[in-house]
Amino acid sequence: MKGLIQRVRHASVTVDGEITGAIDNGILLLLGVEKEDDEASADKLLKKVLNYRIFADADDKMNLSLTDTGGGLLVVSQFTLVADTRKGLRPSFSSGASPAEGERLYNYFVEQAQSLHNPVATGRFGADMKVELLNDGPVTFLLEV
């Protein structure tokens with residue numbers, strides 16, 4: 001399971017002209033699910049996302065987590081994140097989970113996130129989404145479990 005996190009001032013997801021999720025200060029998470037992923041993978045990544053120290057403390061050092069700050073978490077499914085781009089000029093998606101399994105684990109991840117953190121907003125799995133954000137820093141990390 002891969003998660004691309006971006007520290008944002010605000011972020012939103014729109015599907016068919018309707019905002020499906022929006023946050024103010026917090027983390028935009030682009031979430032990719034691979035074939036071998038399971039609930040344990042999702043739990044491990046979620047723990048990392050919620051506790052990764054990317055927010056400034058009183059000394060302007062990255063020592064605070066999303067849990068510490070109480071910021072928002074916007075979770076957006078991102079199938080292309082699991083593409084193998086090492087060879088050629090066309091990405092391979094052979095390591096990606098099937099759409100049904102990807103959606104199941106995405107929904108599991110979101111449910112777990114909502115039980116541990118507030119606020120949590122989402123996109124819509126499998127939809128053509130428009131994501132808007134103001135990256136703060138910019139601060140962006142690829143987390144893998």
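The protein exposes about 8,000 Å² of surface, and carbon and sulfur atoms supply 48% of that area. These values, like the others below, come from a predicted model. Of the 145 residues, 43% count as buried. Along the principal axes, the C-alpha trace spans about 45 × 35 × 35 Å.

The secondary structure comprises three helices and eight strands. From the N terminus onward, these elements follow the pattern β-β-β-α-β-β-α-β-α-β-β. The radius of gyration is 15 Å, close to the 15 Å that the globule rule gives for 145 residues, so the protein is as compact as a globular protein of that length. Contacts reach far along the chain: among those with a separation of 6 or more, 72% are accounted for by residues 24 or more positions apart.

Three buried residues give a closer look at such contacts. Tyr 106 is found in helix 3, and its relative accessibility is 4%, so this tyrosine falls under the 20% cut-off and counts as buried. With neighbours within four places in sequence left aside, Tyr 106 is in contact with Leu 31, Val 75, Val 76, Ser 77, Thr 122, Gly 123 and Phe 125. One of these partners, Val 75, is 31 residues away along the chain, yet the C-alpha atoms of Tyr 106 and Val 75 are separated by 8.9 Å.

Lys 2 lies in strand 1, which covers residues 2-15. Although a lysine belongs to the charged class, Lys 2 counts as buried because its relative accessibility is 14%, under the 20% limit. Beyond its neighbours within four places in sequence, Lys 2 is in contact with Leu 30, Leu 31, Gly 32, Glu 34, Leu 45, Leu 81, Val 82, Leu 142, Leu 143 and Glu 144. Glu 34 is 32 residues from Lys 2 in sequence, and the C-alpha atoms of the two are 7.9 Å apart in space. Leu 31 appears among the contacts of Lys 2 and also among those of Tyr 106.

Thr 14 is another residue of strand 1. Its relative accessible area is 16%, so Thr 14 is buried as well. Not counting residues up to four places away in sequence, Thr 14 touches Ile 19, Thr 20, Asp 128, Met 129 and Lys 130.

Attention now turns to the empty space around the atoms. Rolling a probe the size of a water molecule over the atoms shows where such space is left. The largest pocket has a volume of about 320 Å³. It is lined by 18 residues, of which Ser 77, Gln 78, Phe 79, Phe 125 and Gly 126 are the closest to its centre. Four elements each supply at least two residues of this lining: strand 3 (26-32), strand 6 (72-77), helix 3 (99-116) and strand 8 (129-144). In chemical character, the lining divides into 13 nonpolar residues, five polar residues and no charged ones. Two of the residues closest to the pocket centre, Ser 77 and Phe 125, are also contacts of Tyr 106.

The backbone holds some details of its own. Most residues other than glycine have a negative phi, and most peptide bonds are trans. Against this background, the peptide bond from Asn 118 to Pro 119 is cis, with omega near 5 degrees. Pro 119 is found in the loop between helix 3 and strand 7 (120-122). A cis peptide bond also joins Gly 137 and Pro 138, where omega is about 0 degrees. Pro 138 is found in strand 8, one of the elements that contribute to the lining of the largest pocket.

Positive phi values are seen at two aspartates. Asp 16 has a phi near 50 degrees and is found in the loop between strand 1 and strand 2 (18-23). With a relative accessible area of 74%, over the 50% cut-off, Asp 16 is exposed. Asp 60 has a positive phi of about 65 degrees although it is not a glycine, and its place is in the loop between strand 4 (55-56) and strand 5 (62-64). The relative accessible area of Asp 60 is 64%, so this residue is exposed too.

Terms used: Residues numbered from 1 in each chain as written. Predicted model: local features only at pLDDT ≥ 70, side-chain atom pairs only at ≥ 80, totals over all residues. Heavy atoms only, no water. 1 Å grid on protein atoms, 1.4 Å probe; cavity = no way out; pocket = protein on both sides within 12 Å on 5 of 7 lines; lining within 4 Å. Points joined across faces, edges and corners; volume = space filled by probe spheres on them. Rg over C-alpha atoms; globule rule 2.2 N^0.38 Å. Buried < 20%, exposed > 50% of the residue type's maximum accessible area, 1.4 Å probe, protein only. Contact = heavy atoms within 4.5 Å. Areas by Shrake-Rupley, 256 points an atom, 1.4 Å probe, with all protein chains shown as cover.
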